[in-house]
Each structure stands twice: as structure tokens, then as C-alpha cells.
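Take a walk through this fold, one element at a time. The path starts at a single residue and widens from there.

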Amino acid sequence: MIKISKIEYYLPEQVLTNKDLEREFPEWSSERIREKVGITQRHVSSENETVLDLAIQSTEKIFKEYDRNAIDFVLFCTQSPDYFLPTTACILQDKLGLRKNIGAMDFNLGCSGFIYGLAFAKGLIAAGIAQSILLVTSETYTKHIHPKDKGNRCIFGDASASVIIEKDENAGDYRFCLGTDGSGAENLIVKKGAFRTDSELNPNHEFNPENLYMNGPEIFNFTIENIPGLVKDTMELNQLTMDDIDYFVFHQANSFMLNYLRRKIKIPAEKFYIDMEKTGNTVSATIPIALKNMMDKKLLKKGDKVLMAGFGVGYSWGATVLEF
């Protein structure tokens, strides 16, 4: 029912390599970082560079080959917006010179954000509200991270991905599996910055409450407990088997977790795509970045079925299948 017509992404110019981190934290070797998380470098936004700036860059790449006047809805996924208000999607509409008679909204989700964005887009198209949707996933998580938090600095990078979603009568009408468990909120959180008082959620970590806190073991446990079932349910819901799926593209959290999941679910290695070595975990942008790289490498053929799964902060998770 829907198709992805275009994907482009943008990475900030500043690069943080494992060697850079090794110089800051001599107790960690660059090779150890690569072995642990599968990342050799990540891109970091500059002090004055925001998700809006990244989004403009990734979307203008699309408009080199796609008519911006065709866009009739903007969905913007971020957890590091330029402002509490106004919504970043509204500013993006103006900056890109899009029509004014279109819809635009932000939604606050992390690693599941791309899947939820596809679900929103499908709903808008099915309801006849929109025909050509710009979905942007843009994050500058590194701005949330304390300079001495070597663990999270090794993992996260900044990026923006822009995707055009359109109706396709010839595409399969695949359904979504979505899930939520807010009891895990305190395990990946930026505690201060909005309006909730300190007494409500207290992860009791060593850095400032405006910094990102991640309880890595709990996030790993959540993922291992929930994602194998998510994949199984998504295939059953869509009456597909492992043999029907050409590729599995998961949120690129870290290579250790991804390989553990692959083995647990028994996904053949040749069907499981990992692509985060040069970008790191870019949160909601990881899946579209991976898809774009697969397209550029000509790994995806017309008609290929790809099962995509996003999972993380919230806790929030989701999966679906698309044909390419």
C-alpha cells in the first residue's frame, strides 16, 4: 500500500574517531571499542548545529530529484528538538519553502521512531489525508551526553535521514506490530530539561540530570526479551516466513546486541544487515541510513521484502515489512 520513493541522509562534518576517544580515555583502546560495539567513528554536530539544520541538509538532497511542491505532510521525529515550541516540523516547512496548505507535526520517539513514522504515514495515506509524505528522523543525541561519559560517547552519533513515502497500489499491504512499556523509562532518560520534578524519575546516576543516562544492561535485557517475539509476531501477522523475507534491518544499536539477536532469532547471516561502523547509533535515523546504503550498494532488488524493527528508549518498539 505504501512505498519509500526516496531516501537521503546527512552526517555532520565533525568526526569523532575511536583514536580520539582513546586519547581522552587511555584506559580504552580504539580496537576494544570497535570489538565491543562495532563502531570506528561517529559524526558529532557542532555547538550551533541542531536537528533542524541537519534536516534541511538531508531533505535538500531529496529535492534535487523530487518536486518539493508534491509534499503534503511533514512528519518530524526527534528527541533533541530546537525548541519545546514551536514544533520543528513547522519551521522546517518554512525553511524548505514547502507549500503552506500542508500538515506538519513533530513526534518524540527514539530508536523506534522510524517504524512509528511509517505507521503514521500509512494511516495518513489510507485516510486520504496525504499522498506524499516527508518523514524526517533527526537527532543530536551527543548534545545530551556528558563529556566524561565514555560509554555513551562510544555509541552515539548525530545524523538526519529524510524519506519520501507515497501510496503504491502494487505494494503489499503489510501490517505493523507496535509495543510500549513505560516502566523502563528511567533506564534511558534525560531527566532534566522539561517540567517534571526530580522526585518523579530518579535514575541516581553520577552525571548532571540534563545529561543522557543509559542503563546498558537493562536496555540489553529489554531488547533480548522483547525483540525475538516482535519479529515472530510481525511475520505471523503478515503471513510470512523467514524464507519470504529477503533482508532484516534492525535499529543499529550496537553490533554485539545485533549479532546476539540474530543468533537468538536464527536469522541467516546473509539476510541480516549491519551498517554502523562509520556512523554509530544515530537513534531514529539508523534504519533509513542502512536502507539508503543498501540501495547504493545495489543490495535491494525490486520486489524485495525487508522486515524492519526499531526498539529502545521508552521502552518503545515496532516492526513492519516493506517491499522495495
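Leu-237 is a residue of helix α7. The model is a predicted one. Is Leu-237 buried, partly exposed or exposed? Its relative accessibility is 29%, so Leu-237 counts as partly exposed; the cut-off for buried is under 20%. What does Leu-237 touch beyond the residues up to four places away in sequence? Its contacts are Arg-175, Phe-176 and Cys-177. Phe-176 is 61 residues away along the chain, yet the two C-alpha atoms are separated by 8.2 Å.

Stay with α7, and turn to the sheet beneath these contacts. Four strands make up an open sheet in the order β8-β13-β12-β11, and their pairing is mixed. Strands β8 (177–180) and β11 form the edges, each pairing on one side only. Direction ignored, neighbouring strands of this sheet are turned by 15 degrees against each other on average. Helix α7 packs on this sheet and touches β8, β11, β12 and β13. The direction of α7 makes about 35 degrees with that of β13.

Look at the β11 edge. Four bridges join β11 to β12, in the parallel sense. Here Phe-250 has Ala-309 of β12 as its bridge partner. Which residues does Phe-250 contact, leaving aside neighbours within four places in sequence? Ala-309 is one of them, and the set also includes Ile-227, Val-231, Leu-307 and Phe-311. Leu-258, Leu-261 and Ile-265 are in contact with Phe-250 too. So are Ile-267, Phe-272 and Ile-287.

Phe-250 leads into the largest nonpolar core, which has 48 residues. Phe-250 is among those with the most contacts inside this core, together with Ile-227, Val-231, Phe-248, Leu-307 and Phe-311. Several elements give two or more residues to it: helices α2 (30–37), α6 (150–155), α7 (216–237) and α8 (255–265), and strands β11 (247–250), β12 (305–312) and β13 (316–323). Which element supplies the largest share? Helix α7 does, with eight residues. Another core lies apart from this one and has 35 residues. Tyr-247, Tyr-273, Ile-287 and Leu-300 are among its members.

Now move to the other sheet. Five strands form an open sheet in the order β1-β7-β6-β4-β5, again with mixed pairing. Its edge strands are β1 and β5 (103–107), and each pairs on one side only. From one strand to the next, the twist averages 15 degrees.

Strand β7 (residues 159–167) deserves a closer look. Eight of its nine residues are buried, so the strand is mostly covered. Strand β1 (residues 2–10) runs antiparallel to β7, joined by eight bridges. Tyr-10 stands opposite Ser-160 of β7 in this pairing. Strand β6 (residues 132–139) is also antiparallel to β7, again over eight bridges. There, Glu-139 stands opposite Ala-159 of β7.

Continue across the sheet from β6. Strand β4 (residues 73–77) pairs with β6 in the parallel sense, over five bridges. Leu-75 stands opposite Leu-135 in β6. Helix α3 (residues 51–62) packs on this sheet, touching β1, β4, β6 and β7. The direction of α3 makes about 50 degrees with that of β7. Helix α9 (residues 286–296) packs on the sheet as well and touches β1, β6 and β7. Its direction makes about 95 degrees with that of β1.

Last come the empty spaces. Rolling a probe the size of a water molecule over the atoms shows where such space is left. The largest pocket holds about 930 Å³ of space. Its lining has 36 residues, and those nearest its centre are Gln-79, Asn-108, Ile-189, Val-190 and Ala-194. Strands β5 and β9 (188–190) each supply at least two residues of that lining. Strand β9 gives the most, with three residues.

How many cavities of 30 Å³ or more does the structure hold? There are two. The largest cavity has about 40 Å³ of space. Met-1, Ile-2, Lys-122, Gly-172, Asp-173 and Tyr-174 are among the residues that line it. Phe-176, met earlier as a contact of Leu-237, also lines this cavity. Thr-320, Val-321 and Leu-322 belong to the lining too. Strand β13 contributes the largest share, three residues.

Conventions:
Residues numbered from 1 in each chain as written. Predicted model: local features only at pLDDT ≥ 70, side-chain atom pairs only at ≥ 80, totals over all residues. Heavy atoms only, no water. Buried < 20%, exposed > 50% of the residue type's maximum accessible area, 1.4 Å probe, protein only. Pairing = 2+ DSSP bridges. Axes fitted to C-alpha atoms, helices over the stretch in contact; angles between N-to-C directions. Contact = heavy atoms within 4.5 Å. Core = buried A, V, L, I, M, F, W, Y, C linked by side-chain atoms within 4.5 Å. 1 Å grid on protein atoms, 1.4 Å probe; cavity = no way out; pocket = protein on both sides within 12 Å on 5 of 7 lines; lining within 4 Å. Points joined across faces, edges and corners; volume = space filled by probe spheres on them.
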